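Me: Hey, I've got a structure to get through for class. Can you walk me through what's in it?

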Amino acid sequence: METKRQIKSSVKDESLIEMRREQMIRGAVKLFKEKGFHRTTTREIAKEAGFSIGTLYEYIRTKEDVLFLVCDSIYNEVNDRLYVLAKEEGTVKGLRSAIQQYFELIDDMSDEFVVMYQESKSLPKDALQYVLKKEMEMVALFENILQSCVELGELRINQDDIQIAAHHIVVQGQMWAFRRWALQKNYTIEKFIEIQTEQIFKGIVGTGNIHEEGKGV
């Protein structure tokens with residue numbers, strides 16, 4: 001079982017550690033996006049974060065630690081904001097709501113998602129395994145909602161199709177982060193969510209297998 005990587009700090013004040021690392025994450029996301037992980041130095045991260053290189057090393061040990069903090073902060077935000085998904089009722093209406101919330105999160109954190117997916121290959125093996133585990137937990141949120149929809153008769157899809165459908169939802173949301181440079185020319189995030197949601201239901205689930213109140217079967 002993958003456990004969370006522990007980032008060592010010589011500072012004992014937890015609130016100060018949290019604040020300084022938040023500053024590092026914001027600075028690192030900007031630099032990693034502009035220059036890439038390997039071309040960015042810890043000195044540049046420290047400067048972008050607003051403190052000295054000496055101060056930076058009081059809170060981390062390596063540049064890979066900073067990248068791990070970026071990835072971990074994304075999944076913490078996902079958990080905080082999408083935890084409610086696990087409690088959504090197993091209805092098509094609930095699934096639509098969950099998709100909307102997830103896509104809006106992608107819109108809010110597009111830079112962070114791009115950096116994570118482009119640079120996570122640079123993480124040490126143990127940290128990468130932890131990040132992949134968190135990614136699968138995100139997929140499982142949608143898998144559980146889809147399963148509930150099936151059990152309540154809201155959707156009629158095969159058990160074998162449920163996990164693929166959950167992956168599909170997660171990837172379609174990520175499209176906004178990676179293709180927004182083109183998509184934003186023609187679509188608002190609201191329109192993107194509307195069209196993608198309909199395509200998810202029509203393309204993967206199939207309209208003939210949806211029982212949605214007011215829309216028939």
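Reply: Sure, starting with a term: helices (H or I, at least four residues) and strands (E, at least two) are DSSP runs, numbered from the N terminus. V70, for instance, lies in helix α4. Keep in mind that this is a predicted model, where local features need pLDDT of at least 70, side-chain atom pairs count only at pLDDT 80 or more, and totals for chains, interfaces and linings use all residues. Residues are numbered from 1 along each chain as its sequence is written, and side-chain values use heavy atoms, with hydrogens and water left out.

Me: OK, so how many helices and strands does the chain have?

Reply: There are 9 helices and 0 strands. Going along the sequence, the pattern reads α-α-α-α-α-α-α-α-α.

Me: Back to V70. Is V70 buried or exposed?

Reply: V70 is buried, at a relative accessible area of 0%. Buried means under 20% relative accessible area, exposed means over 50%, and partly exposed is in between (1.4 Å probe, protein chains only). The C-alpha atoms of V70 and S120 are separated by 9.6 Å, with their positions 50 residues apart along the chain.

Me: And what share of the chain's residues is buried?

Reply: 47% of the 217 residues count as buried.

Me: Which residues touch the most other members of the largest nonpolar core?

Reply: Those are L95 and F142, in a core of 67 residues. A nonpolar core is a set of buried Ala, Val, Leu, Ile, Met, Phe, Trp, Tyr and Cys residues joined through side-chain atoms within 4.5 Å. The helices that each supply at least two residues of this core include α1 (14-35), α4 (63-82), α5 (92-108) and α7 (125-151). The largest share comes from α7, with 11 residues. In soluble globular proteins, nonpolar side chains tend to be buried together.

Me: New topic, aromatics. How many aromatic pairs are there?

Reply: The structure has 8 aromatic pairs. Rings of Phe, Tyr and Trp (its six-membered ring) pair if their centres lie within 6.5 Å; planes under 30 degrees apart count as stacked, over 60 as edge-to-face and the rest as tilted.

Me: What does the pair of F103 and F192 look like?

Reply: That pair is tilted, with 5.9 Å centre to centre and 35 degrees between the planes. F103 is in helix α5 and F192 in helix α9, so the pair ties together parts that are 89 residues apart in sequence. F103 is buried at a relative accessible area of 1%, and F192 is buried at 5%. Both belong to one aromatic cluster, formed by Y102, F103, F142, W176 and F192.

Me: Which charged residue sits over the ring of F37?

Reply: That's K63, whose charged end is 4.6 Å from the ring centre. R96 lies over the face of F201, at 4.4 Å from the ring centre. A charge sits over a ring if NZ of Lys or CZ of Arg is within 6 Å of the ring centre and within 35 degrees of the ring normal.

Me: W176 came up in that cluster. Where does helix α8 bend?

Reply: Helix α8 (residues 159-183) bends at A177, by about 55 degrees. The bend at a residue is the angle between axes fitted to the seven residues ending there and the seven starting there. Among the buried residues of α8 are W176, A177, I162 and L183. V171 is in this helix too, but V171 is partly exposed at 47% relative accessibility.

Me: What about cysteines? How many disulfides are there?

Reply: The count is 0 disulfides, where a disulfide is a pair of cysteine sulfur atoms within 2.5 Å. C71 is buried at 0% relative accessible area, and C149 is also buried at 0%.

Me: Last one, polar side chains. What does the side chain of T40 reach?

Reply: It reaches the backbone oxygen of G36, at 2.8 Å. T40 is in the loop between α1 and α2, and T40 is buried at a relative accessible area of 1%. In helix α6 there's S110, whose side chain reaches the backbone oxygen of D107 at 3.4 Å. Both are polar contacts, meaning a pair of N or O atoms within 3.5 Å; within protein, one must be able to donate a hydrogen and the other to accept it, and residues adjacent in sequence count only if both atoms are side-chain atoms.
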